[in-house]
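Subject: Structure handover

Hi,

Here is the structure for you to pick up. My notes on what turned up follow right below.

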Amino acid sequence: MLYTLYEAGYYASTPLRLAALATRQFWGSPLNPAADTELGRRLFATSDLITNLTRRYGKPAWGIDQVEIGGQDVRVRPVSVWSSPWAKLTHFVRDMSDLRRAGRRELEPAVLIVAPLSGHYATLLRGTVQAFLQDHEVFVTEWANARDVPVLEGRFDLDDYIDHIREMLRVLGPRPHVVAVCQPGPAVLAAAALMSEDGEESRPGSMTFMGSPIDARLSPTVTNRLAEERPFAWFESNMVYTVPGPYPGMGRRVYPGFVQLASFMSMNLEKHQEAHLRYLQHLMDGDGDSADKHLEFYDEYLSVLDLTEEFYLQTVDVVFQRYLLPKGEFFHRGRHVRPDRIADIGLMTVEGENDDISGIGQTQAAHDLCSGIPAELKEDWVQPHVGHYGVFNGKRFREEIYPRVRAFIRRIEEGFDRTRAAA
């Protein structure tokens, strides 16, 4: 019922949105001689804010057309190299002639960046991708919006999620590197453990977990406490709704993205209100650069997708309530997942000092679980003065975190080279 009401509210606001859009165009037109007056700027700013607050936010574009490598602009184009109804694997292909001009002549390590399936699109990792493109062949998981997947395509649960990660790693070839950002950490660790135990050639060469809830019992945050305090039945009854028409997934039970967004925004409601008031003031003052930065952030932040009922509820149950992976009780399709049997996969964990989503220690727990990995193949880093988002985006990520991850991957690659040479 809530989903239907949400859609009804969107359509009911259409007259207001159209009126605001017309007002914005009128007072923003360079042909309007009164546009640059104080009244004109106020009317433009107010109508622009109303338009943005009531419009639909779709999947953002990646907008990565080039990356600078060695002082040379290297052209980039995203190419889908594998897909299912639930995801596609995107390869950011760098132009080879540009790479050669930049002095790169050898094939660089392949890295699979596993984006979170927790309400936002993979484009939230735009800064992460741009950083890794400087030194790697970059592949990214792009998860589907559950409301756009017809019911006839069946279910998509945590087991399917793990299977998808394994299939994508196989596409990359022997010993790729995998980076799990936030939510996919437990699933990536499970996939790596299964592939390692099976001796698959495509098992990861290294795995890097960034702000991941490997063991959500440690340093619990507000999000963790909510999952603990509420019974599982509460999540079933209050967080899952049916997709209405005219979406392709009509009739599918989902955890709507707008519910997730509302939960996140409520955690810092005053901060978001102040941000929008500043945006309004920037427009009235004619400060277009500051206003554009606000729009750039919120165009991404307000773009959300739905999760299937089964994936969402299993994640709540397995990761945030029963903690099956750190307790050694996690099974994938009836098979016991044993991270302690991983022996030849590098492990790096990255946490943020001020992370209010995955507290300190939750990601580091991977080191204790992977007791079979030698100490020389492990690394841990806690980044001072950053929150959850800063672990994988922003200035400190680019200047302090990414160089450490890059050096770690290179060290693992050098070990592979020595092994090949010895053979």
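Val 254 sits opposite Thr 308 of strand 10. Keep in mind that this is a predicted model. Strand 9, residues 253-255, is joined to strand 10 by 2 bridges, and the two run antiparallel. They belong to an open sheet of 3 strands, ordered 8-9-10, with antiparallel pairing. Its edges are strand 8 (241-242) and strand 10 (307-308), each of which pairs on one side only.

Next, the other sheet. This one is open too, with 9 strands in the order 1-2-3-5-4-6-7-13-14 and mixed pairing. Strand 1 (66-69) and strand 14 (378-383) are at the edges. Each has a single partner strand, so one side of each has no neighbour in the sheet. On average, neighbouring strands here are turned by 20° against each other, ignoring direction.

Strand 4 (residues 110-114) pairs with strand 6 (residues 177-181) in the parallel sense, over 4 bridges. Within that pairing, Leu 112 stands opposite Val 178 of strand 6.

Two helices pack on this sheet. Helix 6 touches strand 2, strand 3 (87-94), strand 4, strand 5 (137-143) and strand 6. The direction of helix 6 makes about 160° with that of strand 4. Helix 7 touches strand 4, strand 6 and strand 7 (206-210). The direction of helix 7 makes about 165° with that of strand 7.

The helices also meet each other. The axes of helix 6 (residues 158-172) and helix 7 (residues 185-198) come within 9 Å and cross at roughly 60°. That angle is therefore classed as oblique. The crossing is right-handed. From helix 6, the contact takes in Tyr 161, Ile 162, Ile 165, Arg 166, Leu 169 and Arg 170. From helix 7, it takes in Ala 187, Val 188, Ala 190, Ala 191, Leu 194, Met 195 and Asp 198. By type, the contact residues split into 10 nonpolar, no polar and 3 charged.

Last, the charges. Side chains of opposite charge can pair when their charged atoms come close. How many salt bridges does the count come to? The count is 30. One salt bridge is formed by Asp 98 with Arg 75, with the closest N and O atoms 2.8 Å apart. This pair links distant parts of the chain, 23 residues apart. Asp 98 is in helix 4 (residues 96-101), while Arg 75 is in strand 2 (residues 72-84).

Best wishes

Terms used:
Residues are numbered from 1 along each chain as its sequence is written. This is a predicted model: local features need pLDDT of at least 70, side-chain atom pairs count only at pLDDT 80 or more; totals for chains, interfaces and linings use all residues. Side-chain values use heavy atoms; hydrogens and water are left out. Two strands pair if DSSP finds at least two bridges between them. Axes are lines fitted to C-alpha atoms, for helices over the stretch in contact, and angles run from 0 to 180 degrees between N-to-C directions. Angles under 35 degrees count as roughly parallel, over 145 as roughly antiparallel, 65 to 115 as roughly perpendicular and the rest as oblique. A crossing is left-handed if the near helix is turned anticlockwise from the far one by less than a right angle, and right-handed if clockwise. Contact means heavy atoms within 4.5 Å. Ala, Val, Leu, Ile, Met, Phe, Trp, Tyr, Cys and Pro count as nonpolar, Asp, Glu, Lys and Arg as charged, and the others, Gly among them, as polar. A salt bridge is a side-chain nitrogen of Lys or Arg within 4 Å of a carboxyl oxygen of Asp or Glu.
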